[in-house]
Structure formats: C-alpha cells, structure tokens
Amino acid sequence: MRELQHDSKNSWLNYIFLIVLGLVMVYPLIWLFTSSFKTNADIFGSSRLLPTTYVWDAYKLGWQGTGQYGFEDFFINTLKLVIPTVIFTIVSSVLVAYGFARFNFPLKTLLFSVMIATLMLPNASVMIPRYILFNKLGWLDTYLPFIIPAAFATSAFFIYLMIQFIRGLPRDLDEAATIDGCNSFTVLTRVLLPLCKPAIFSVGIFQFMWTWNDFFNSIIYISSVSKFTISLGLRLSLDASSAVSWNQVLAMSVVSIVPCVLLFFFCQKYFVEGISTTGLKG
C-alpha cells in the first residue's frame with residue numbers, strides 16, 4: 001500500500017515537472033501570439049503576457065505588406081521554392097540510397113565514405129565556391145540554386161537516413177519480387193517504397209521546414225523583392241519604414257510558422273516512426 005502511494009506521488013511529480021517544462025518550451029510561441037495583439041509601447045514597456053490594449057488589425061495590415069508586394073506574394077514565392085525542392089530531394093535521396101543499400105558496384109565504399117565526409121563540411125566552407133558556380137551558371141536571383149542541387153541528391157543527411165531505413169528491410173522481399181518478375185526498378189517502386197513511407201515523410205518534413213525557414217541562403221541568392229520568400233519578407237518589413245509596427249511583424253511571424261506546424265502534426269505518426277526506425281533518435 002505504501003509502495004503504491006509512493007509510486008502515485010512520483011507520477012504526480014513527473015507530471016508536474018513535464019507540464020512546467022512544456023510551458024517553458026512553448027512560452028516563446030505563446031508570447032509571440034499574444035504580442036501580435038499588442039501596441040509597440042505594450043510590447044517593449046510591459047512584461048505582461050496579455051495585452052493591456054488589444055490591436056485587432058495587425059494580421060490584416062501585416063498581410064497587406066508595406067510596399068508593392070504583400071505577404072501573399074511572399075507565401076506564393078516560398079511555395080514555388082519549397083515544393084520542388086522537397087519533391088526533388090525525396091526522389092533523388094531514395095534513388096541514391098537504394099543504390100547504396102541494395103547493390104554492389106566499383107568504388108562503392110569510397111563513394112559512401114566521401115558522401116559521409118560531406119556531412120562534416122561546415123556550410124561556410126562551401127558558400128563562396130557555390131556562389132561563384134551559381135553566378136557563372138546564371139542562376140542568381142532565381143530559385144534554381146535550391147531546386148537543381150536537390151534533384152542531384154546533394155544532401156548527404158537525407159541519403160544516409162534513407163540508406164539506414166532501406167537496410168533494415170529484409171532482402172527476402174527483393175528476392176521474392178524478383179522471382180515474381182520484378183526488375184530492380186519495380187522492386188523499388190512496388191515493394192520498398194510503400195514500406196519506406198515513414199523515412200520518406202521524415203525526409204520531406206525536415207526538408208520542408210529547413211527550406212521554409214531558410215533565411216541565410218535566400219538572402220545570398222535572391223535579390224529581387226518580387227521573388228522574396230517569407231523570411232526575407234519579414235526582414236523587409238523591418239527595413240520598409242523607420243517606425244516599425246512590431247505587432248504586424250509578429251503577426252506575420254505567427255502566420256509563417258503555421259504551415260510547418262500543420263505539416264508536422266498531420267505527418268507526426270510517420271515522422272516519429274521514421275526517426276525511431278532509422279537510428280536517428282534525438
């Protein structure tokens with residue numbers, strides 16, 4: 001009886017600790033949302049979470065933007081950039097991972113080692129050579145520096161994730177499909193791909209969030225305001241006028257994270273399964 005009371009007390013303490021920890025983690029998001037209804041004076045002059053005076057038009061005015069282009073244009077531009085990048089990343093990563101996981105070919109070990117070594121390269125070390133290359137190809141101020149590399153499986157992290165997942169699938173499935181008349185390509189498309197859905201969703205979600213929120217590469221390669229993405233649009237709203245309406249900036253920040261949050265929750269089942277079965281727990 002005493003042990004049951006002790007276990008019950010520990011459970012309550014664990015729940016309280018997790019609730020407090022959860023509130024600490026989501027507090028910045030709660031503050032971001034509530035501050036989008038505050039005035040500038042309220043945002044910087046008060047530590048209260050809730051506004052003293054509610055401003056209801058921050059989302060409407062923020063969406064309209066401050067110049068020729070509004071956030072509707074920035075959202076459309078971001079989708080034009082993100083969707084092809086995600087699709088090409090998934091397709092190219094699956095194909096390359098299938099080759100490494102299922103076939104033997106000359107220099108396989110060396111090529112795999114080189115691919116893994118690229119994971120260790122800091123982004124800053126390849127930034128200048130990559131910019132010079134894209135400049136010579138005439139790809140600056142377009143979305144091609146994001147889309148074309150994705151089509152050629154340049155992300156070693158996603159390839160490695162897919163390799164780990166495919167290696168976990170029994171080779172007996174391949175042999176049984178081959179006996180039934182499948183070739184290498186149909187083994188991938190009809191047998192392995194349906195089983196790879198968790199890993200594919202993980203690749204898609206990671207690439208979507210990283211590309212959607214990317215500011216650094218966007219500001220390097222995109223210079224025309226008409227092609228700005230959301231992250232650049234938020235930065236533009238700070239430069240457009242000397243008196244920044246911070247509630248509008250925060251309102252558009254809230255709107256900008258909605259697609260990532262919705263995508264995560266809709267695909268949460270596959271995402272968690274994919275991470276747990278590829279050994280990339282974290």
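1. Let's start with the second largest pocket of this predicted model. Its lining is made of Leu29, Leu32, Phe33, Val254, Ile257, Val258 and Val261. Two elements, α1 (2-35) and α14 (246-266), each give two or more residues to that lining, and α14 provides the largest share, with four residues. By class, the lining divides into seven nonpolar, no polar and no charged residues. The volume of this pocket is about 250 Å³.

2. The largest pocket is worth a look next. Its volume is about 900 Å³, and 29 residues line it. If you want a place to centre your view, Asn123, Arg130, Thr154, Ser155 and Asn217 are the lining residues that lie nearest the centre of this pocket. The lining has 16 nonpolar, eleven polar and two charged residues.

3. Which helices build the wall of the largest pocket? At least two lining residues come from each of α4 (71-102), α6 (123-137), α7 (144-151), α8 (156-167), α11 (197-212) and α12 (216-221). Of the elements, α6 gives the most, with five residues.

4. Helix α11 deserves a closer look, as one of the helices that supply the lining of the largest pocket. With 16 residues, α11 reaches 22 Å from its first C-alpha to its last, close to the 22 Å expected at 1.5 Å a residue. Twelve of those 16 residues are buried, so α11 is largely enclosed by the rest of the structure. Among the buried residues of α11 are Pro198, Ala199, Ile200, Phe206, Phe208 and Trp212, and Ser202 and Thr211 are buried too.

5. One residue of α11 makes a good stop on the way: Gln207, which is found in this helix. Is Gln207 buried or exposed? Its relative accessibility is 11%, under the 20% cut-off, and therefore Gln207 counts as buried. Leaving aside residues up to four places away in sequence, Gln207 touches Thr85, Val86, Thr89 and Phe158.

6. Two loop residues have backbone angles you may want to check. Most residues other than glycine have a negative phi. Leu107, in the loop between α4 and α5 (108-118), has a phi near 65 degrees, a positive value in a residue other than glycine. Asp141, in the loop between α6 and α7, also has a positive phi, near 60 degrees. How do their surroundings compare? Leu107 counts as exposed because its relative accessibility is 57%, whereas Asp141, at 17%, counts as buried.

7. Trp56 is another loop residue to find on screen, and its place is between α2 (40-45) and α3 (58-64). Its relative accessibility is 64%, so Trp56 counts as exposed. Ser36 is 20 residues away from Trp56 along the chain, and the C-alpha atoms of the two are separated by 8.7 Å.

8. Finally, a word on confidence. The protein averages a pLDDT of 88, and 92% of the residues score at least 70. Which element has the lowest mean pLDDT, and which the highest? Helix α15 (residues 268-277) has the lowest, at 68, and α7 has the highest, at 95. When you return to the largest pocket, recall that α7 is one of the helices that supply at least two residues of its lining.

Definitions and conventions: Residues are numbered from 1 along each chain as its sequence is written. This is a predicted model: local features need pLDDT of at least 70, side-chain atom pairs count only at pLDDT 80 or more; totals for chains, interfaces and linings use all residues. Side-chain values use heavy atoms; hydrogens and water are left out. On a 1 Å grid over the protein atoms alone, a cavity is a set of points where a 1.4 Å probe fits but cannot get out, and a pocket is an open set with protein on both sides within 12 Å along at least five of seven lines; lining residues have an atom within 4 Å of a point. Grid points are joined across faces, edges and corners, and a volume is the space filled by probe spheres set on the points. Ala, Val, Leu, Ile, Met, Phe, Trp, Tyr, Cys and Pro count as nonpolar, Asp, Glu, Lys and Arg as charged, and the others, Gly among them, as polar. Buried means under 20% relative accessible area, exposed over 50%, partly exposed in between (1.4 Å probe, protein chains only). Contact means heavy atoms within 4.5 Å. pLDDT is the predictor's confidence in each residue, from 0 to 100. The expected span of a helix is 1.5 Å times one less than its number of residues.
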